[in-house]
Amino acid sequence: AILTEKYCSPHFLSAVERVKNRFWFGQAYLNLANIESEMFQTRAKYLPLGLPSSWFKNESTWQGTDSKILFVCPRIKSSPDYYGQIYRNFVKSFNHFPYVVAGAQPIAVEEDSNVLGFLQRKEYEALFKKCKVMFYHSTEERHLHYHPLEAILYGMPLIFMKRGLLGMLNGHSQPGACKNYSQAIEKIQRIFDNDQAFITDIVEKQKAILCLFKPNYCHDIWLKNFQNDIMQTEIPGKIKNRFKLGIFLPIPYLGGSLRGAINIAKMVYLGSRKQNEGIDVVFSCVKNFYDIENDFKELLDLGISVRETEWRIISKDQVATSQTFTGYYKALEFSHYQIPTDHLSNFNDCDHWLIVSDRTSPPIAPIKPYGVMVYDYLQRYVTDILESHTISGFIPTVRQAEYVLT
C-alpha cells in the first residue's frame with residue numbers, strides 16, 4: 001500500500017496490470033500480501049530470506065558467562081524519533097539490569113558507556129557467546145531484524161514480544177515470548193537468577209523459529225515457487241503494443257561509456273527479439289559531436305534509430321505542464337530541470353527512458369519513467385571533484401529514477 005500510494009506515480013498500477021503475466025510479488029513472509037491490493041495478493045509468491053550458511057559455524061556456541069542483557073539499537077541520536085525512542089523505552093524498563101547496546105552509532109551516545117557503537121565482526125560475535133540474554137523489542141507485524149535469529153542460532157535465550165512478527169513465526173507460544181515489558185522483565189530476572197530449567201526450555205523450543213530461516217528450508221521453497229512456478233510460467237509470444245525504449249547518452253562521451261551505451265542498446269534490441277517481445281530502441285546522442293554513420297554503424301545496421309539531441313533547461317512550472325500531457329507524475333523539488341529535444345517528438349514517443357550516466361545538471365525532468373546506468377561515483381574517492389554538480393543534478397537525477405543499474 002505504501003509502495004503504490006506514496007512512492008509510485010499514478011501510472012504504476014496500470015503499468016503492472018499490462019504486464020501482469022510477468023509480474024510477481026515476492027514476499028519474504030507469508031503475511032506481507034495481506035495488506036496489499038488484490039493484484040499483489042493474487043500474484044504473491046512466498047520467497048523466504050534465510051540466514052547465510054557461514055553463520056551456522058557459530059551454532060550452539062553460547063556460553064552466557066557475562067550477566068548482561070544484549071540489546072541491539074543503532075542510530076540512537078541520528079534517528080531520535082524512532083531508534084532514540086526505542087532506546088529510551090529499553091533503558092527506562094531494564095536499567096536495573098546490566099546491559100550492553102550494540103549497533104552502529106553515527107553520532108556517539110557519550111552519556112551511556114553501555115552503548116558500544118560499531119563493532120568488528122569478532123567483537124559482535126563475542127557478545128552473542130557471552131551475554132546472558134537478548135531482549136528484542138519489536139512489535140512490528142511485517143518486519144524482522146536478523147539479530148534475534150542470530151541469538152537463537154548461538155543458543156542464547158531470547159526474550160521477545162509475541163505481538164511482533166517473530167511471535168507469528170512459530171513463536172507465539174514460545175517460553176521466551178512476552179505480551180508486555182513487565183512480563184519480559186520477569187522472565188529476564190529468572191534468567192539472571194540462573195533458573196536453568198527455564199533457560200533450557202527457552203533455548204530448546206526457540207530452535208523451531210530458526211528452522212524457517214535455514215538454507216535448506218529456503219532453498220526448497222525457492223526451487224518450487226521461483227524456479228518451478230515463476231520461471232516456468234508461459235509468457236505470450238506476442239505483445240499487442242510494441243514497447244519503445246529511449247537510451248540516452250546525455251554528454252558527449254567517448255571510450256568506455258560510449259561503448260557501454262551502444263552495447264546496452266544492442267542487447268536490449270537483440271535480447272527482446274530472442275524473447276519474442278520485439279522492443280523498439282531509440283538511441284540519443286549529443287548533437288554535432290559524433291559521426292553518426294560511422295560511430296553508430298552497429299546500431300544503424302540493426303535498425304536502431306539514432307537521434308541527435310540537444311538538452312534544454314526548463315522551469316519547474318513547465319515540467320508540471322508536461323506531466324499533465326505525459327501522465328507521469330513525480331514531486332518537483334527543484335526550480336529547473338532539463339529535457340532532451342530532438343525537434344521531432346522530443347522522445348515523448350518512447351514508453352521509457354534509460355539514461356546511461358548520471359551526469360545531468362540540473363536533474364532530468366520527471367516527465368517519463370526512467371532508469372539510470374551509473375558506472376562509478378568518482379566523487380566518493382575524490383571528495384572535492386564535481387561537488388556542486390553532484391548536489392544540483394547528479395544525485396537528484398538518480399534519486400527520482402525508477403531504478404539504478406550499476
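A crossing of two helices is called left-handed if the near helix is turned anticlockwise from the far one by less than a right angle, and right-handed if clockwise. Keep that in mind for the first two views of this predicted model.

**View 1. Helix α8 crosses helix α9 in a left-handed way.** Two packed helices are described by the angle between their axes and the distance between the axes. Here, the axes of α8 and α9 (residues 196–205) come within 8 Å and cross at roughly 115°. That angle makes α8 roughly perpendicular to α9. Look for Lys-187, Arg-190 and Ile-191 on the α8 side, where they meet Phe-198, Ile-199 and Ile-202 of α9. Sorted by class, this contact between α8 and α9 has four nonpolar residues, two charged ones and no polar ones.

**View 2. Helix α8 also packs with helix α4, this time in a right-handed crossing.** Helix α4 covers residues 83–94 and helix α8 covers residues 181–192. Their axes are 10 Å apart, at an angle of about 55°. That makes α4 oblique to α8. From α4 come Asn-89, Ser-93 and Phe-94, and they meet Tyr-181, Ala-184, Ile-185 and Ile-188 from α8. Five of the residues in the contact of α4 with α8 are nonpolar and two are polar, with no charged ones in the mix.

**View 3. Helix α6 is mostly covered.** This helix runs over residues 147–154, and eight of its eight residues are buried. They are His-147, Pro-148, Leu-149, Glu-150, Ala-151, Ile-152, Leu-153 and Tyr-154. What do the buried residues of α6 pack against? Among the helices, they pack against α5 (121–130), α7 (165–168) and α10 (207–210). Among the strands, their partners are β3 (66–72), β6 (131–136) and β7 (158–161). Just after α6 you'll find Gly-155, with a positive phi of about 95°.

**View 4. Met-168 sits in helix α7.** Buried or exposed, or something in between? Met-168 counts as partly exposed because its relative accessibility is 42%, and the partly exposed class lies between 20% and 50%. Setting aside neighbours within four places in sequence, Met-168 is in contact with Asn-31, Glu-141, Lys-162 and Arg-163. For a sense of scale, try Met-168 and Phe-226: they are 58 residues apart in sequence, and their C-alpha atoms are 24 Å apart in space.

**View 5. Glu-308 belongs to strand β11.** The strand takes in residues 305–315. Glu-308 has a relative accessibility of 32%, so this residue counts as partly exposed. How far does the side chain of Glu-308 reach to get to the backbone nitrogen of Asn-288? The distance is 3.0 Å. Asn-288 is also one of the contacts of Glu-308 beyond four places in sequence, along with Cys-285, Val-286, Lys-287, Ile-292, Thr-341 and Asp-342. Zoom out to Leu-70 and the picture changes scale: Glu-308 and Leu-70 are 238 residues apart in sequence and 61 Å apart in space, C-alpha to C-alpha.

**View 6. The loop between β13 and β14 holds Ser-357 and Pro-362.** Strand β13 spans 352–356 and strand β14 spans 370–373. Most residues other than glycine have a negative phi, and most peptide bonds are trans. Now for two spots in this loop. Ser-357 is not a glycine, yet has a positive phi of about 120°. Ser-357 also counts as buried, because its relative accessibility is 6%. A little further along, the peptide bond from Ser-361 to Pro-362 is cis, with omega near 5°.

**View 7. Thr-397 is tucked into helix α16 as a buried residue.** The helix covers residues 387–399. Thr-397 has a relative accessible area of 0%, so this residue is buried. Which residues does Thr-397 touch, not counting those up to four places away in sequence? The answer is Thr-360, Pro-363, Ile-364, Tyr-370 and Val-372.

**View 8. Asn-276 has a positive phi too.** The value is about 60°, although Asn-276 is not a glycine. Where does Asn-276 lie? This residue is in the loop between helix α12 (256–274) and strand β10 (280–286).

Definitions and conventions:
Residues numbered from 1 in each chain as written. Predicted model: local features only at pLDDT ≥ 70, side-chain atom pairs only at ≥ 80, totals over all residues. Heavy atoms only, no water. Axes fitted to C-alpha atoms, helices over the stretch in contact; angles between N-to-C directions. Helix = DSSP H or I, 4+ residues; strand = E, 2+ residues; numbered from the N terminus. Parallel < 35°, antiparallel > 145°, perpendicular 65-115°, else oblique. Contact = heavy atoms within 4.5 Å. Nonpolar A, V, L, I, M, F, W, Y, C, P; charged D, E, K, R; others polar. Buried < 20%, exposed > 50% of the residue type's maximum accessible area, 1.4 Å probe, protein only. Polar contact = N/O pair within 3.5 Å; in protein donor to acceptor, adjacent residues only side chain to side chain.
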